[in-house]
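Trainee: Could we go through this structure together? I would like to learn how the descriptions are justified.
Mentor: Gladly! Let us look at it first.

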Amino acid sequence: MFPQVSPTWNCQAGASVCPCRSQNVLSSTAAFVSAGRSIIDGPLRTPARWRGSLRRDAAGYGTDLERQRYSAGFDWAVGQAITQPDEFPTIESICGLHERVVGGGQLRTGYIVVGDRQLYPHPGFVPTLLSDLLLLHSSRLRVVGPVQAAAELHLDFVSIHPFPDGNGRCARVLVSAELARAGFRSTLFTGVEQHFLRVPTLYIGTLRAYQTGRICRATCVHFLLRGAAERLTHAIAWRRSGRGTAGLGSVRSADKLGLTERSREGGDTFVHHSAWENYLQALSSQERAEAGEQVGRLEAEQVDDQNASRE
Ligand SMILES: [Zn+2]
């Protein structure tokens, strides 16, 4: 289930077992996200193309060129991941991805100073840290599954900060491609860039809090998973409102998973159902409306996209 509405920043620096209990909800939140896949992806077979804005747009400093690069880079990376699912990312492919999405494609050789401190590792360690991360990612895929592994990859990549610039964008496209490689199709999932549009400062703040030791790893990973879980929640609420059910055959998929109204009395899936309800109730009505509009627009565009690609 997906019980947490706000971040639990009750971490204790240096504790061997953090009292925040975020660790206990990681796998259930990842499972919640995985379970929504067939509803949200519906009959999408080809990947949805990039639509909409970037995190930097939401934060007020994006440019047209950055958006164009990102959009083309996203479509390319997600397309590659689906047509060549056996191609595991390498340092070389990640540099290539950075070249497309941001421009540059060279690992950094200098320090990165944020404020008055060096937040990220010495540049001499970057290649080793990256190759270790890829090994770790491959084992996490087997141990914790693609959804949690993607969130962990996201966090580790931005914490290594391998490039002089555009690390966040590169990380989010890399993770999008990994989700696509694992079978996700809709940008409601794969568009990691958009998971945090509603809370752009909380996103940076949470990453910083982890990188400066104020919250534990589990809390930060859980925050990243919540981005996907929230989006899924909005999409399903949108479907259930009857406005998003036209295009993607979602009611049938929801029926299969037992996630429709009817199953409410059924028992088994009640937990999922009430988790959505709890979450939605905790949002203000304006937040609900905005999130619903955003998801609805994206869904409609994805349906258009599918129709166009069939022609
Ligand atoms: Zn903690």
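Trainee: Which residue follows H5, and what is the sign of its phi?
Mentor: Gly103 follows H5, and its phi is positive, near 100 degrees. Keep in mind that this is a predicted model.

Trainee: What makes residues of H5 count as buried?
Mentor: A residue is called buried if 20 or more other C-beta atoms lie within 10 Å of its own. In H5, which spans residues 91-101, Ile94, Leu97, His98 and Val101 are buried, so each of these residues meets that cut-off.

Trainee: How do you know that the buried residues of H5 line one face of the helix?
Mentor: Look down the axis of H5: the buried residues fall within an arc of 100 degrees, so they line one face. They pack against helix H4 (64-83) and helix H8 (167-181).

Trainee: How do H1 and H7 cross?
Mentor: H1 passes H7 in a right-handed crossing. The axes of H1 (residues 22-35) and H7 (residues 145-160) come within 8 Å and cross at roughly 115 degrees.

Trainee: Which residues make that contact?
Mentor: From H1 they are Leu26, Ser27, Ala30, Val33 and Ser34, and from H7 they are Gly145, Val147 and Gln148.

Trainee: What makes four of these residues polar?
Mentor: Gly counts as polar, so Gly145 belongs with the polar residues. The contact divides into four nonpolar, four polar and no charged residues.

Trainee: And how much of the whole chain is buried?
Mentor: Buried residues make up 41% of the 311 residues. The chain has 14 helices and two strands.

Technical notes
Residues numbered from 1 in each chain as written. Predicted model: local features only at pLDDT ≥ 70, side-chain atom pairs only at ≥ 80, totals over all residues. Buried ≥ 20, exposed ≤ 12 C-beta atoms within 10 Å, placed from the backbone. Helix = DSSP H or I, 4+ residues; strand = E, 2+ residues; numbered from the N terminus. Arc of directions from axis to C-beta. Contact = placed C-beta atoms within 7 Å. Axes fitted to C-alpha atoms, helices over the stretch in contact; angles between N-to-C directions. Left-handed = near helix turned anticlockwise from the far one by under 90°.
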